Amino acid sequence: MTFADRQRAAVASSPEVERVALEVLSSGNAVDAAVSAVFAAAALDASVLLGPVQLLLGGPAMGLHAVDGRVRHPGVGRARPRGALRPDETQPVARVTVPAAPAALATVLALSGTRSFARAMGPAVEIARGLSVARAKTLAALGRLGPSAMVYGPLGDELVAALGRLAGGLLDRPDLENLRPTVVAPTRVG
């Protein structure tokens, strides 16, 4: 084992995701590895792409930053579907949130990554090709177009059709268009 090998480490929820992180660390930085690992996890489980992500960044040139990629509530400021008298009567589609993970991951790459969004997505597309043609196409489009793929084109259209008002949900195009991850400099106490 060389000195360089001892300077990189990754732990992940699956061996495949860990492998991706370690491979990326051999030529990229920790941010590149974290982003590629999250996308690799999305290749294995589609729910990851629609889930939350939060990252803490720090370094001598940039200071400290927290990037908030938690999911957002759709339909803010708009009329809500009516008719459900009890919570258990609410349509499952009305409980869906707006995914901020792709935008948050693009943000951290822009802040301190060394790879392009498409290159960070590459390992995930390769993993997905062996599991699901549809997921591989979705991840490839996301890699090509960046987070805007979640808004425009086939993916944005499918999200709004499946989770929007006509389907009994709240999601609409402005929810996707106006989504911005929050980036804050943490406050120090003491």
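**Why the labels fit: helix packing and a three-strand sheet**

Q: What does Ser36 touch, not counting residues up to four places away in sequence?
A: Ser36 touches Val20, Val24 and Ala120. A contact means heavy atoms within 4.5 Å. This is a predicted model, where local features need pLDDT of at least 70, side-chain atom pairs count only at pLDDT 80 or more, and totals for chains, interfaces and linings use all residues. Numbering starts from 1 along each chain as its sequence is written, and side-chain values use heavy atoms, with hydrogens and water left out.

Q: Why is Ser36 called buried?
A: Its relative accessible area is 0%. Buried means under 20%, exposed over 50%, and partly exposed in between (1.4 Å probe, protein chains only). Ser36 therefore counts as buried. Ser36 sits in helix H3.

Q: What makes Ala42 buried?
A: Ala42 has 3% relative accessibility, so it counts as buried. Ala42 is also part of H3. Leaving out residues up to four places away in sequence, Ala42 touches Val48, Leu49 and Arg135. The C-alpha atoms of Ala42 and Ala128 are 8.6 Å apart, with their positions 86 residues apart along the chain.

Q: Why is Ser27 called partly exposed?
A: Ser27 has 47% relative accessibility. That value is in the band between buried and exposed, so partly exposed is the label. Ser27 lies in the loop between helix H2 (15-25) and H3. Setting aside neighbours within four places in sequence, Ser27 contacts Arg115 and Arg119. From the C-alpha of Ser27 to that of Arg115 is 9.6 Å, and the two are 88 residues apart along the chain.

Q: How many helices and strands does the protein have?
A: The protein has eight helices and three strands. Both are DSSP runs numbered from the N terminus: helices are H or I with at least four residues, strands are E with at least two. From the N terminus, the order is α-α-α-β-β-α-α-α-α-α-β. Of the 190 residues, 39% count as buried.

Q: Why is H3 called roughly parallel to H5?
A: The axes of H3 (residues 30-44) and H5 (residues 117-129) cross at roughly 30 degrees and come within 8 Å. That makes H3 roughly parallel to H5. Angles under 35 degrees count as roughly parallel, over 145 as roughly antiparallel, 65 to 115 as roughly perpendicular, and the rest as oblique. Axes are lines fitted to C-alpha atoms, for helices over the stretch in contact, and angles run from 0 to 180 degrees between N-to-C directions.

Q: Which residues of H3 and H5 meet?
A: On the H3 side are Val35, Ser36, Phe39, Ala40, Ala43 and Leu44; on the H5 side are Phe117, Ala120, Met121, Ala124, Ile127 and Ala128. By class, this contact of H3 with H5 has eleven nonpolar residues, one polar and no charged. Nonpolar covers Ala, Val, Leu, Ile, Met, Phe, Trp, Tyr, Cys and Pro; charged covers Asp, Glu, Lys and Arg; the others, Gly among them, are polar.

Q: What makes H2 roughly antiparallel to H3?
A: H2 and H3 pack at an angle of about 150 degrees, with axes 8 Å apart. That makes H2 roughly antiparallel to H3. The contact of H2 with H3 has eleven nonpolar, one polar and two charged residues. Members on the H2 side include Glu16 and Val20, and those on the H3 side include Asp32 and Ser36.

Q: How do you know that E1 and E2 pair?
A: Seven bridges join E1 (residues 53-59) to E2 (residues 63-69), and the strands run antiparallel. Two strands pair if DSSP finds at least two bridges between them, so E1 and E2 pair. In E2, Leu64 is the bridge partner of Gly58. Three residues separate E1 and E2 in a hairpin.

Q: What makes E2 and E3 a pair?
A: E2 and E3 share three bridges in the antiparallel sense. The bar is at least two, so they pair. In E3, Val183 is the bridge partner of Val67.

Q: Why are E1 and E3 called edge strands?
A: The three strands form an open antiparallel sheet in the order E1-E2-E3. E1 and E3 (182-184) each pair on one side only. The twist averages 15 degrees from one strand to the next. Helix H4 (residues 101-112) lies across E1, E2 and E3, at about 10 degrees to E1.
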